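Work through the exercises below with the coordinates open, and try each task before reading its solution.

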2 protein chains.
Amino acid sequence: MSWSGQGDHTGRRGYHHGNLREALIDAALHLIAEKGPAGFTIAEAARAAGVSPAAPYRHFRDAEALLAAVALRGFERFAQALAAAWSRARPDPVASFENLGRAYLGFARDEPGYYAAMFDAGLPLAAHPALLAAGDRAFGVLREATDVLCARLSKAERPPSLMVALHIWAMAHGIASLFGRGDAARRKLPMSPDDLLEAGFLVYLRGLGLLD
Amino acid sequence: MSWSGQGDHTGRRGYHHGNLREALIDAALHLIAEKGPAGFTIAEAARAAGVSPAAPYRHFRDAEALLAAVALRGFERFAQALAAAWSRARPDPVASFENLGRAYLGFARDEPGYYAAMFDAGLPLAAHPALLAAGDRAFGVLREATDVLCARLSKAERPPSLMVALHIWAMAHGIASLFGRGDAARRKLPMSPDDLLEAGFLVYLRGLGLLD
DNA sequence: TTCCTCATGTAAGTACGGTTCACATGAGTT
DNA sequence: AACTCATGTGAACCGTACTTACATGAGGAA
């Protein structure tokens with residue numbers, strides 16, 4: 001092509017869009033963030049990208065496939081965010097955990113579109129192995145962190161690190177789902193979700209025998 | 001018409017249905033359980049109830065209103081289930097907690113339609129005060145249980161019981177959301193959700209200073 | 001350059017659900 | 001017996017899902 005492509009992410013460059021697939025994922029992401037996983041339509045995403053309603057079907061078989069692409073990109077960025085938070089404070093495992101928790105809630109808060117596509121869309125994971133794998137990679141970060149943590153306990157009192165990772169994940173996900181998304185749909189709390197999660201971690205880790 | 005309505009549970013009694021509102025909630029409940037909160041339509045619920053597609057609008061302004069009615073009934077039954085589990089083992093607070101956890105996960109497992117309407121539908125709670133109130137009543141059961149539990153701690157080491165209730169709720173909800181629903185959409189675990197939650201409770205309560 | 005080819009976009013069509021409105025029905029009341 | 005009003009119907013309009021036949025133009029081969 002001639003007029004070299006620049007940043008305009010909805011911009012047409014002639015008859016061919018040039019980057020429609022990514023533009024559709026972006027459009028869907030914003031629509032999901034605004035109106036929930038059920039509130040986006042292929043037609044509306046096409047409109048946002050400036051193409052005809054039939055164009056998206058060249059890239060996605062149906063709406064679920066587009067949703068799955070959003071979720072896949074979400075899991076990848078989620079894993080990156082968690083890994084960054086984890087390594088940022090690596091010398092101190094407990095501080096790293098608090099970082100992980102903040103990163104988890106921060107992602108849910110700042111990227112509601114991704115988060116909803118990942119966890120609220122009800123995508124059949126069995127039908128999307130790539131999604132399952134990407135989710136496992138994100139969970140792997142958590143798992144690595146709990147491994148390090150559990151290693152500080154004597155073998156006799158060391159719990160299964162997988163179980164600990166699942167507990168941590170569940171509490172973070174529970175707080176994010178119930179309280180952690182924008183003013184849109186949730187309840188008022190006497191403390192911030194971040195503080196709530198941090199306090200929960202501390203109690204839980206104390207219960208494991210760490211801390212104290 | 002003539003052939004008088006018989007036992008058919010969606011049964012017409014003539015031109016008028018007789019109980020359409022409840023029949024629509026029931027139909028929506030089953031559709032949600034099968035296909036997720038986004039997978040039900042007013043038209044399909046009307047078809048299941050044996051009425052024309054316009055009839056539901058006499059009872060519900062739009063699909064969201066019908067969804068909210070499902071969620072409302074869900075919260076009421078949820079509160080009942082939790083209260084029953086809590087009182088069943090009241091002498092022993094820890095056993096009661098385990099009962100509560102099993103009841104929580106059991107409800108999510110056995111009533112996926114209600115659970116999805118309550119927590120996955122993305123209903124704007126601000127627009128449905130009755131839902132918020134019903135949710136608070138269910139949470140109240142949890143809150144009462146943690147009050148009793150916290151009362152066993154000396155005042156000096158007693159944590160805010162509201163915070164404890166939120167932690168418990170978050171972990172239960174996290175496990176239910178991530179692992180607790182049918183084979184449909186979730187991951188494989190090395191242990192049952194019930195056992196996972198019970199273990200999490202025990203670690204957490206130990207961290208509070210109860211147990212041991 | 002010229003032409004070929006194929007990925008990618010468009011237009012038009014079918015089917016269906018959402019929603020509204022004018023109208024029909026019949027249960028309860030008086 | 002007649003009135004009334006909640007409740008259900010049918011038809012209409014619009015938007016979206018998805019399909020199919022056709023159009024465009026980018027990149028490669030001659």
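Three exercises follow, on the fold, on one helix and on the DNA contacts.

The model is predicted, so that local features need pLDDT of at least 70 and side-chain atom pairs count only at pLDDT 80 or more, while totals for chains, interfaces and linings use all residues. Residues are numbered from 1 along each chain as its sequence is written, chains are lettered from A and ligands numbered from 1 in the order in which they are written, and side-chain values use heavy atoms, with hydrogens and water left out.

**Exercise 1.** Describe the overall build of chain A.

*Solution.* Begin with the secondary structure, where helices (H or I, at least four residues) and strands (E, at least two) are DSSP runs numbered from the N terminus: chain A has eight helices and zero strands. Next take the extent, for the C-alpha trace of chain A spans about 65 × 35 × 35 Å along its principal axes. Then turn to burial, which means under 20% relative accessible area with a 1.4 Å probe, protein chains only; of the 212 residues in chain A, 51% are buried. Finally, consider contacts (heavy atoms within 4.5 Å): among those in chain A with a separation of 6 or more, 64% join residues 24 or more positions apart.

**Exercise 2.** Determine how helix H5 of chain A is covered and what its buried residues pack against.

*Solution.* Helix H5 runs over residues 112-120 of chain A, and eight of its nine residues are buried. These include A:Tyr114, A:Tyr115, A:Met118 and A:Phe119. Within chain A, the buried residues of H5(A) pack against helix H1 (20-35), helix H3 (63-88), helix H4 (93-110) and helix H7 (161-179). From chain B, helix H5 (112-120) and helix H7 (161-179) also pack against them. Just after H5(A), A:Gly122 takes a positive phi of about 65°.

**Exercise 3.** Identify which residues come nearest to DNA strand C, and which polar atoms approach the strand.

*Solution.* First collect the residues with a heavy atom within 4 Å of the strand; there are 25 around DNA strand C, of which A:Tyr15, A:Ser52, A:Arg58, A:His59 and B:Ala43 come nearest. Sugar and phosphate account for 60% of the strand C atoms that come within 4 Å of the protein. Then examine individual pairs: a polar backbone atom of A:His17 is 3.2 Å from a phosphate oxygen of strand C, and a backbone N or O atom of B:Ile42 lies 3.1 Å from a phosphate oxygen of that strand. On the base side, an N or O atom in the side chain of B:Arg58 is 3.5 Å from a base nitrogen of strand C.

Terms used: Buried < 20%, exposed > 50% of the residue type's maximum accessible area, 1.4 Å probe, protein only. Polar contact = N/O pair within 3.5 Å; in protein donor to acceptor, adjacent residues only side chain to side chain.
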